[in-house]
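Let's take a walk through this structure together. Keep the sequence and the 3D view side by side as you read.

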Amino acid sequence: MTCEKCDFKGYYRFKTVEEIFEKSDFYSSEISNVLEVRNLRKSYKDVLAVNSISFNVKKGEIFGFLGPNGAGKTTTIRVLLGYLRPNAGEAFIFGKNIKDNIVDIRKNVGYIPGELALYEHLTGKQFLDYFSSLRNTDLPLLDNLLEIFELPLDKKIKTYSKGMKQKMGIIQAFMDDPDLVIMDEPTLGLDPLLQQKFYKFLREEKKKGRTMFFSSHILSEVDKICDRVAVIRDGDLVALESIENLKDKRGKKIRVKLVGEPKELTIMKNAKVVDGWIEFETEGDIDPLIKKISKYTVLDIEIQEFSLEDIFMRYYSGGEE
Amino acid sequence: MDFSIIKRIFRFKIAVQTVKENMKATIIFTLLFSCMAAMYSSFYPMFKDLLADMAEDPEFANFLVGFSGESGDFVSYVGFLNLELYSIFFVLILGIIVAFIAATIISKEIESKTIDLLMSNPVSRMQIIIERFIGLIPMILFINFITMFVVYGVTFAIGENIDFFNLFIAHLYAVPYFLAVIGIALLISTIIDEKMKSSIFMIAILVGMFFLEYISHFTSDYKNIGFLSLTHFYKPYNALKSGNVDANGVIVLLSVTIVSIVISIIYFDRKDIKV
């Protein structure tokens, strides 16, 4: 074509299918953070529920969100899903601001609520039909899910046990193959056998590349399945670490009973004397300490790992340094 | 033009679900009102002379004016129907039933917490309000027009006369009235989170309106308070008699409906859905 003003000749090339596709699918290729939370703050009247927290959830990870009841876990999740309006801060899911795109975002997000309430008057099948019509998309995982988590679909949901309802919660969250699944204490109400089944299922889903946000107040399960964990207490984020780091940090508790009480050991700052035992709390390498102890006559020795619970309690009681 | 967004928003699945949920109630109340309509219309031949005598008593006649509107006619068949069937059973009783059901439509989801799962789907809050409203419309249409056919059939059976077109207009004219009732109930349902509270509150409003209108007929000082009442704007007598409809009344009722829905949408959109 030719410019009318300057007679400059040129041509216009239409975009190729690849170029268009690349642009429309940009978040999956360029943005590795599926979820970004920036200074999110939410208060009810005079109670501050979430105090300016920030964190990112990376694509393909299981992100643990750990805290005692009432710490602000559910409030955070409800803000992210657009049920509550934040007082300050912002959040992005798939790179889209939740403020303007929440309906669009929900197309690709599964959710298991903390207090799961299903439509009790419907049968399992009617419920799934209703929800699949609302999702308005294929349900590639439904058959597989129904195989793993068996349910009497012809019965009314009000006849279901708590565990069965929870299974339904899991099924509806995963059935349309969402990129992100947000779970608010999903194992509550599952018996131990089913819990194990669920953990296994989550690990398999992770292998497929699904991103999962897993809120819990049970440390051992977060330890078992999560890659990274954020610890929330009284609305504040007190820790954000990978599970490995957290484990490294927990160190060991060493108790020894020696002949006499050598000053060299008792004056160490991580040592204290209890009932004739000398107790050490160590982080990381224990070799130097053992070498020091070996100079003396050892009557008895106990080595204990700090449990994650211990660390957890330290965070909760505000005792972290 | 790209209709995909519109298509996505208005797929009416929540509306369809609402219709299904209210199916049982719709059938029960249709039967109930059909029976009521059949009973009252067929009573007319028995009451005809009695009513004529009673109309001689000015005090009693005055008392009935409050219910029958300004017509003062409750002796003719149309006047009788207007007074017994439409002014009381339709406007008040069916109004209360519709109000009761509509006032739970959002509050029950919040109270039972099913709103959490509902909103995890790609549906907007506006869509929930609009579809819930639309989902209630078939119920009133069904009860309303089935009752109309029953009235027509019984009229024919007892050998009285009523113009079908006028009867149809009277029932058509009831639609904006019920839409307005649903609209206000919906608004209350979005504001009050407990379904029993919202229902009772809505019924209190409706009954209160009914009495405001009633009182306005007797006290000239308060003649204008009738305008605060929805029932002031639905007067089926003229429609039954001659097919005339108070166009201003219809406009007021539809405006109340639309304003209620708009406020519901705005309010619900800003509302925090707490656990």
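Here is a short tour, going from one chain to the place where the chains touch, and then on to the other chain.

One thing to keep in mind from the start is that this is a predicted model. Let's begin with chain A, which has 13 helices and 14 strands. Of its 321 residues, 33% are buried. If you look at the contacts in chain A with a separation of 6 or more, 70% of them are between residues 24 or more positions apart. The domain assignment splits chain A into domain 1, covering 31-247, and domain 2, covering 252-305. Measure from one C-alpha centre to the other and you get 44 Å between domain 1 of chain A and domain 2 of chain A.

Now find A:D7, which sits in the segment before helix 1 (17-24) of chain A. Is A:D7 buried or exposed? It is exposed, because just 7 other C-beta atoms lie within 10 Å of A:D7, and a residue counts as exposed with 12 or fewer. For a sense of distance, try A:D7 and A:K158: they are 151 residues apart along the chain, and their C-alpha atoms are separated by 76 Å.

Two other residues of chain A are worth a stop for their backbone angles. Most residues other than glycine have a negative phi. A:F94, however, has a positive phi of about 55° although it is not a glycine. You'll find A:F94 in the loop between strand 4 (88-93) and strand 5 (96-97) of chain A. A:F94 counts as buried because it has 22 C-beta neighbours inside 10 Å. A:N136 is not a glycine either, and its phi is also positive, near 55°. Look for A:N136 in the loop between helix 5 and helix 6 (142-148) of chain A. With 15 other C-beta atoms within 10 Å, A:N136 is partly exposed.

Next, the meeting of the two chains. Here 20 residues of chain A are in contact with 18 residues of chain B. On the chain A side, the elements that give two or more residues are helix 4 (98-106) and helix 5 (124-135) of chain A. Which of them gives the most? That is helix 5 of chain A, with 5 residues. The chain A side as a whole divides into 12 nonpolar, 3 polar and 5 charged residues.

Over in chain B, let's compare two pairs of helices. Start with helix 5 (residues 77-102) and helix 10 (residues 195-216) of chain B, whose axes come within 9 Å and cross at roughly 155°. Helix 5 and helix 10 of chain B are therefore roughly antiparallel to each other, and their crossing is right-handed. Residues in the contact include B:L92 and B:G95 from helix 5 of chain B, and B:S199 and B:M202 from helix 10 of chain B. By class, this contact has 8 nonpolar, 2 polar and no charged residues.

The other pair is helix 9 (residues 164-191) and helix 12 (residues 247-270) of chain B, which pack at an angle of about 20° with their axes 8 Å apart. Helix 9 and helix 12 of chain B are therefore roughly parallel to each other, and their crossing is left-handed. Among the residues that make the contact are B:Y173 and B:P176 of helix 9 of chain B, and B:V250 and B:L253 of helix 12 of chain B. This contact has 17 nonpolar, 5 polar and no charged residues.

Note on methods:
Residues numbered from 1 in each chain as written. Chains lettered and ligands numbered in written order. Predicted model: local features only at pLDDT ≥ 70, side-chain atom pairs only at ≥ 80, totals over all residues. Axes fitted to C-alpha atoms, helices over the stretch in contact; angles between N-to-C directions. Helix = DSSP H or I, 4+ residues; strand = E, 2+ residues; numbered from the N terminus. Parallel < 35°, antiparallel > 145°, perpendicular 65-115°, else oblique. Left-handed = near helix turned anticlockwise from the far one by under 90°. Contact = placed C-beta atoms within 7 Å. Nonpolar A, V, L, I, M, F, W, Y, C, P; charged D, E, K, R; others polar. Domains from an automatic or database assignment. Buried ≥ 20, exposed ≤ 12 C-beta atoms within 10 Å, placed from the backbone.
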